[in-house]
Amino acid sequence: MIFPLLSTQFAFTPLSILIIITAALICIFFFILALLSHRKLRNLLSKDEVTGFPTRLKFCEQLAAILQTAAPEEYSVISLDINNFRYIGDTFGLDISERVLQVFAEHLQETLPEDSMFCRNYADNFFVLIKANFRPILEDYVLTATNIQPKLSHLLPEHYQLEFSAGVYVIDDMSEKVDTMLENANMARHIGKFGLNPNRITYFTKEMRHDSEHDKNVTLDMNRAFNEHEFEVFFQPKFNFQTGEVIGAEALIRWNHKTKGLLPPAQFVPLFEKNGFIQKIDMLVFERVCQFLDKYNKSGPDGSCPRPITISCNLSRAQLYNPDVAKKYTELASKYQIKPSKIEIELTESLMMDNKERLLRAMNEIKNAGFEISVDDFGSGFSSLALLKDLPANVIKLDKEFLNTNDNNEKEQIIINSIISMAKQLKITTVAEGVEDATQSELLKAMGCDIVQGYYYAKPMPQSDYEALLKRL
């Protein structure tokens, strides 16, 4: 008799039926909503929001599946990057920059070889998986993939040229994680982009991984080293070519690591130039030079300067874009009561290829503040002689490559002689840098070069040794 009791106790009324139906409809609604949300989420995870093509997540899934049956070195991953892409957004707007990415992605899709795929990694960085390992094939593909200028004529000005950097990892270790493979291609691209030959294809090597680990360790250690005063300034003496008298020096940074000892500049300076830390180093060297000159200027028997000398400091590319660099140098020199004319600021001629207008502006600002200007590695650029008329320089330092002179190379001697002769007519002092033997020394001296610097005369030395040399000579 239980069921009659239940049916009597819980009799369905029109209201209860309505509640049940409403509850069922709500459940169905939320189920459909969850299903749609799941599909939408799946689409978001598989389709890039800007280009509409596969995301990195989808790319990695497909790559992992392909590699299960692939042979070593059968496939390569290419990392492509549009150089200075931020400039497009800053200059032409976000809509145009996104449209450029869409056109590029469409072009990649159209030019993809068989058994290949691609994705946008982030911003303007794309990955391509291509079934090839032969360098000419890979390079031909990259050339094709980056030839999109005609398709952008309606978006960018005619004169604007897109430039790309490319890194390639030929997949030879099938046990590696997919993320590591992509990192290898990206590492190669990054090294090529900021190396000596940007806009060219760079292939990943295992040494790059070691170098990357080194760079990471240096980056993690540089601030500690700076705070613990491990960076020291060495002085490489400069000599008057005719009299042999010490007339100054070039100030050079050295890292006296607490556990590794004295590190060669090549192990840290290039990295500091990339990450911007070189600006702190520049200012450190400049202030140490001011402190040295302040001490030296009072070191004579009567508390005066024994004899005038000029110390040169290097100005890095990063410092070049600091609008207050001349002001900061002036303030530091004034703090130690150093005449700006006793400090020479060295800039490399290669900076001209980077931004000639900004370099000339910086040089004029520094020169107007009273400092001497020196152009290092003069002759390394293609427009060296043409630049002589524009450079507000007091000194030019001959590129070391010119010093590989011998009796059988008349062309080099003629070039050097011409530069020295023109410099004299323009009242510009010439310095022979990197002189390593007597043959080079005698040849340059005979040509009338003013100042000499190099291992044949003296190596870079700690401040105490340089002070002793000044007293001795």
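**Figure 1. Exposed surface and overall make-up of the protein chain in a predicted model.** About 25,900 Å² of the protein chain is exposed, and 56% of this area is supplied by carbon and sulfur atoms. The chain has 473 residues, and 43% of them are buried. Its secondary structure consists of 17 helices and 15 strands. Among contacts between residues at least 6 apart in sequence, 67% join residues at least 24 apart.

**Figure 2. An open sheet of 5 strands.** The strands follow the order E2-E3-E1-E4-E5, and their pairing is mixed. At the edges are E2 and strand E5 (201-203), each of which pairs on one side only. From one strand to the next, the twist averages 20 degrees.

**Figure 3. Pairing of strands E1 and E4.** Strand E1 (residues 76-82) runs antiparallel to strand E4 (residues 164-170), and the two are joined over 7 bridges. Leucine 80 has alanine 166 in E4 as its bridge partner.

**Figure 4. Helix H6 across the strands.** Helix H6 covers residues 135-145 and lies across E1, strand E3 (125-130), E4 and E5. Relative to E1, the helix runs at about 30 degrees. Arginine 135 has its charged end over the ring of tyrosine 203, at 3.8 Å from the ring centre.

**Figure 5. The aromatic pair of phenylalanine 53 and phenylalanine 118.** A pair of aromatic rings is described by two values, the distance of the centres and the angle of the planes. A search of the whole structure gives 28 aromatic pairs. In the pair formed by phenylalanine 53 and phenylalanine 118, the centres are 5.2 Å apart and the planes are 50 degrees from each other. This pair counts as tilted, because that class holds angles that are neither under 30 nor over 60 degrees. Phenylalanine 53 belongs to the loop between helix H2 (14-46) and helix H3 (56-67), while phenylalanine 118 belongs to strand E2 (residues 117-122), so the pair ties together parts 65 residues apart in sequence. Phenylalanine 118 has 2% relative accessibility; residues under 20% count as buried, so phenylalanine 118 is buried.

**Figure 6. An aromatic cluster and a lysine over one of its rings.** One aromatic cluster is formed by Phe226, Phe231, Trp255, Phe268, Phe272 and Phe277. Lysine 280 lies over the face of phenylalanine 226, and the distance to the ring centre is 4.3 Å.

Technical notes: Residues numbered from 1 in each chain as written. Predicted model: local features only at pLDDT ≥ 70, side-chain atom pairs only at ≥ 80, totals over all residues. Heavy atoms only, no water. Phe/Tyr/Trp six-rings, centres within 6.5 Å; stacked < 30°, edge-to-face > 60°. Helix = DSSP H or I, 4+ residues; strand = E, 2+ residues; numbered from the N terminus. Buried < 20%, exposed > 50% of the residue type's maximum accessible area, 1.4 Å probe, protein only. Lys NZ or Arg CZ within 6 Å of the ring centre and 35° of its normal. Contact = heavy atoms within 4.5 Å. Areas by Shrake-Rupley, 256 points an atom, 1.4 Å probe, with all protein chains shown as cover. Pairing = 2+ DSSP bridges. Axes fitted to C-alpha atoms, helices over the stretch in contact; angles between N-to-C directions.
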